[in-house]
Amino acid sequence: MKKEIRKIGIAGAGTMGSGIATVAALAGLEVQLYDIRSEALDHAAATVLKNLSGAVKRGKISEEAKDQAFHRIAFTGEFSKLTGELMIEAILEKFELKKELFQKLAAQNSPDCILSSNTSSIPITRIAAVTPHPERVVGLHFFNPPHIMKLVEVISAPQTDPKVADRVKALAERMGKRAVHVKDAPGFIVNRVARPYYLEALKMLEEGIANTAAIDRLMTASGFKMGPFRLMDLIGIDSNHYTSCSMYESFFYEARFRPSRIQQQMTEAGKHGRKSGEGFYKYD
Ligand SMILES: NC(=O)c1ccc[n+]([C@@H]2O[C@H](COP(=O)([O-])OP(=O)(O)OC[C@H]3O[C@@H](n4cnc5c(N)ncnc54)[C@H](O)[C@@H]3O)[C@@H](O)[C@H]2O)c1
C-alpha cells in the first residue's frame, strides 16, 4: 500500500504554479512552491491570496479555510525543500530545463515519489526517458486558471505505471477536478484541438484581414468564452509560443502547426500578456 499523498512540491511559481498551489492547499495538501526568481515567489504569494479571497467572496470557502489554505503553502527558493510524495513541474516550456529539473528531483526524492509535469506539449515519453525510474513519470495537465478550470488531463507515456496515473487522477479528483486519462501524443487532446484557434487568428492578423479586437469580438459573439487574443494574453504569449514551437516539431513540421512570427517577436520583446502588463492588450 502506497502512502497517501499529503506533501507535494511544485516547481515554477508562475501563472500555473500559483494556481495549482491554490487548489492543492484547498484540498488539504502541504505544498512547497519553489521558483528560481524571488519576484516570482512574491507575485505567487499575492496571486494565491487573491485566488483564495475570490473564493471567499463567491461563498465557496470561509475566511478560516482561506487562512488555513494559505498557511499550507511554503513559498521557497530552496530546491532542497522539494521533497514529498508528488512533485508537479510547472516551469518554462523548454525540454532541456525540464530534463535537468526532473533529474534533480529524482536525485533528492525516493524512487516512489511521483514526478509529474504540467507541460502543455512536451512529450511525457521524452521526459520519462531521461529520468531515473521512468515508470513514476506522468503528465498532470491543469488548465488556466487552475483554481477555476475543472478539467485536468492525466497523461500516460508508454513507460508510466498505470497505478501512478490512477493515483494522480484520484488526487486531482480530491482537488475537485474532472480528471481524464489521456495517451501521450503531441499537444495531448485539448491543446491539439485548440492550436488552430490561436494560429489561424494570428495568420489573419498577419494578413491584415481584421484587427485583434474585431477577431476577439466575432469569436465571443459566435459562442467562444474568450477571443483568441485575450486568451493568448491570459495564457502568456511566451508559454503559448513555446507550446506552438514544441508541437510544430512533434508534428514533423506540418505547415498547419507553424508558429507565428508575431508571437515570436512579442515573446522576445517581453510582451508576455497579462503577466507582464502588456500583450495584445494593455493591463494595469
Ligand atoms: N499558461 C497556461 O495557460 C498553461 C496552461 C497549461 C499548462 N501550461 C504549462 O505550464 C508550465 C508553466 O507555464 P506558465 O504559464 O505557468 O509559465 P510562467 O512563465 O508563468 O511561469 C514559469 C515559472 O517557472 C520559473 N522557472 C523557470 N525555470 C525554472 C527552474 N529551472 N526551476 C524553477 N522555476 C523555474 C520562472 O521563474 C517562472 O516563474 C509550462 O510547461 C506550460 O506549457 C501553461
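Colleague: How many residues surround the ligand, and which are the closest?

Modeller: This is a predicted model. In it, the ligand is surrounded by 30 residues, and Gly12, Gly14, Met16, Ala40 and Asn144 are the closest. Two or more residues of this shell come from each of the elements α1 (15–26), α4 (95–108), β6 (137–142) and α10 (237–250).

Colleague: Which element gives the most to the shell around the ligand?

Modeller: That element is α1, with 3 residues. Sorted by class, the shell holds 14 nonpolar, 12 polar and 4 charged residues.

Colleague: Where does the ligand lie with respect to domain 1 and domain 2?

Modeller: The ligand lies between them, because domain 1 (7–183) and domain 2 (191–276) both give residues to its shell.

Colleague: I should now like to turn to helix packing. What describes two packed helices?

Modeller: One gives the angle between their axes and the distance between the axes. Here, helix α2 (residues 38–57) packs with helix α3 (residues 63–71) at an angle of about 160°, and their axes are 9 Å apart.

Colleague: Are α2 and α3 roughly parallel or roughly antiparallel to each other?

Modeller: Angles over 145 degrees count as roughly antiparallel; α2 and α3 are therefore roughly antiparallel to each other. Their crossing is right-handed.

Colleague: Which residues make the contact?

Modeller: From α2, the contact is made by Val48, Leu49, Leu52, Ser53, Ala55 and Val56. From α3, Glu63, Lys66, Ala69 and Phe70 take part. By class, this contact of α2 with α3 has 7 nonpolar, 1 polar and 2 charged residues.

How values were computed:
Residues are numbered from 1 along each chain as its sequence is written. This is a predicted model: local features need pLDDT of at least 70, side-chain atom pairs count only at pLDDT 80 or more; totals for chains, interfaces and linings use all residues. A residue is near a molecule or strand if its C-beta atom, placed from the backbone, lies within 6 Å of it. Helices (H or I, at least four residues) and strands (E, at least two) are DSSP runs, numbered from the N terminus. Ala, Val, Leu, Ile, Met, Phe, Trp, Tyr, Cys and Pro count as nonpolar, Asp, Glu, Lys and Arg as charged, and the others, Gly among them, as polar. Domain bounds come from an automatic or database domain assignment. Axes are lines fitted to C-alpha atoms, for helices over the stretch in contact, and angles run from 0 to 180 degrees between N-to-C directions. Angles under 35 degrees count as roughly parallel, over 145 as roughly antiparallel, 65 to 115 as roughly perpendicular and the rest as oblique. A crossing is left-handed if the near helix is turned anticlockwise from the far one by less than a right angle, and right-handed if clockwise. Two residues are in contact if their C-beta atoms, placed from the backbone, lie within 7 Å.
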